[in-house]
Amino acid sequence: MNLEGMHRRAAIIKAVRAFFDGRGFLEVDTPVAVTAPAPEPQIEAPATALRVGHEVQRRFLQTSPELMMKRLLAAGVTRAYQIAPVFRDRDFTSCHRPEFRLLEWYRRDAGWQELLTDCEGLLAAAATAAGLGVRIPYQGKSIDLQPPFRRLSVEAAFVQHAGFSILEAQSVEGLQARLTATGVRFAADDTWDDLFHRVFLTRVEPEIVADPKPVFLTHYPAPLAALARLDPDDPRASERFELYAGGLELANGFGELTDPGLQRRRFADDRARRRRLQLADYPFDERFLAALATLPPSAGIALGVDRLLMLLFDAADIDRVAFIPWSES
């Protein structure tokens with residue numbers, strides 16, 4: 001990155017902070033080396049050993065500051081944001097690096113729909129700081145950042161692009177039958193998550209990202225709820241959504257699950273799957289689970305800072321928006 005690009009990147013990050021500061025958010029800073037990351041089967045936290053006095057502690061470099069930030073909400077913080085260094089082992093593509101920056105923000109006593117408005121305003125503010133207007137160029141396409149962004153449920157996307165209802169196929173056998181009917185190959189030992197992603201990545205996501213306009217993909221099926229609560233109007237779906245723009249997946253947001261018992265069961269299921277896959281076994285974050293019991297309805301989201309910069313710099317590779325590329329560090 002040349003000097004002009006460095007100053008432009010810095011201006012964008014300043015605008016991001018100003019956006020949240022101006023809306024009453026508290027910028028927070030939480031530990032990077034944690035004892036218990038969320039046991040998500042598809043995300044691997046790099047392990048490290050730290051000497052504390054005469055004791056060697058096993059810790060993990062955070063894959064997200066999510067659990068820590070929710071503990072702050074439970075402690076009374078009403079709005080919080082953080083630009084955090086995060087780490088994910090085995091990730092290396094044009095838009096992935098083992099180390100990157102996540103912008104996470106949380107609203108206590110709020111619904112997930114408020115995050116959609118936040119995203120629309122944030123992208124506009126960042127584009128302005130980059131010297132761009134409401135229409136920006138990205139990889140030969142023009143992206144209209146004028147709100148409101150398009151909303152599309154995962155259910156509607158599957159019906160339109162895969163030809164079946166994903167909410168009516170929430171058993172492994174039922175989803176296997178849909179894949180067979182649509183000609184999508186799968187392995188006999190695929191989990192429901194595996195089957196979903198075989199269809200999503202081959203039939204659904206390519207159609208979504210073909211349209212460069214920003215879109216919120218909402219109401220992920222209940223088996224993919226992660227740390228989101230279920231939709232009270234249709235418990236087959238969850239209050240989880242993702243934001244796409246220019247073909248890039250930018251953000252992943254939740255109406256937060258605040259039931260510690262249900263979250264523990266989800267963690268236990270994820271932990272069991274990690275063991276079957278012979279992945280690292282993470283302990284449960286008991287402080288986080290205890291905090292959930294005191295957390296009112298809240299909403300939170302993680303947005304990839306590097307991917308936002310890729311969009312605003314019209315860059316196809318994440319190295320082009322780094323002060324120093326990760327491979328040269």
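Which element gives the largest share of the lining of the second largest pocket? Hold that thought for a moment. Hi everyone, one reminder before we go on: what you have in front of you is a predicted model.

Okay, the answer is β6, which supplies three residues. The pocket itself has a volume of about 380 Å³. There are 17 residues lining this second largest pocket, and those closest to its centre are Arg 9, Arg 101, Asp 306, Ala 322 and Ile 324. If you want to find the spot by elements, go to α1 (3-21), β6 (99-108) and α9 (305-313), the elements that each give two or more residues to the lining. As for the chemistry, the lining splits into ten nonpolar residues, six charged and one polar.

Now let's follow β6 out into its sheet. β6 belongs to an open sheet of eight strands with mixed pairing, and the order goes β1-β5-β6-β15-β14-β13-β10-β9. At the edges we have β1 (26-27) and β9 (150-153); each has a single partner strand, so one side of each is left without a neighbour in the sheet.

Walk in from the β9 end and you reach β10, residues 215-218, which runs antiparallel to β13, residues 240-245, with three bridges joining the two. To see one of those positions, click on Phe 216: its bridge partner in β13 is Leu 243.

What about helices on this sheet? Helix α4, residues 154-161, packs on it and touches β9 and β10, with a direction about 75° from that of β9. Then there's α9, which we just met at the pocket. That helix lies across β5 (79-87), β6, β13, β14 (248-255) and β15 (298-304), and it runs at about 135° to β14.

There's another sheet to look at. Three strands make an open, antiparallel sheet, in the order β2-β4-β3. Its edge strands are β2 (33-34) and β3 (47-52), each pairing on one side only. Between β3 and β4, residues 55-61, the antiparallel pairing covers six bridges. Look there for Val 52, which stands opposite Glu 55 in β4.

Last stop, the cysteines. How many disulfides does a search of the whole structure find? Zero. Take Cys 95: the nearest cysteine sulfur belongs to Cys 119, and that is 18 Å away. From the Cys 119 side, the nearest cysteine sulfur is that of Cys 95, and Cys 119 is in no disulfide either.

That's my tour, thanks for listening!

Technical notes: Residues are numbered from 1 along each chain as its sequence is written. This is a predicted model: local features need pLDDT of at least 70, side-chain atom pairs count only at pLDDT 80 or more; totals for chains, interfaces and linings use all residues. Side-chain values use heavy atoms; hydrogens and water are left out. On a 1 Å grid over the protein atoms alone, a cavity is a set of points where a 1.4 Å probe fits but cannot get out, and a pocket is an open set with protein on both sides within 12 Å along at least five of seven lines; lining residues have an atom within 4 Å of a point. Grid points are joined across faces, edges and corners, and a volume is the space filled by probe spheres set on the points. Helices (H or I, at least four residues) and strands (E, at least two) are DSSP runs, numbered from the N terminus. Ala, Val, Leu, Ile, Met, Phe, Trp, Tyr, Cys and Pro count as nonpolar, Asp, Glu, Lys and Arg as charged, and the others, Gly among them, as polar. Two strands pair if DSSP finds at least two bridges between them. Contact means heavy atoms within 4.5 Å. Axes are lines fitted to C-alpha atoms, for helices over the stretch in contact, and angles run from 0 to 180 degrees between N-to-C directions. A disulfide is a pair of cysteine sulfur atoms within 2.5 Å.
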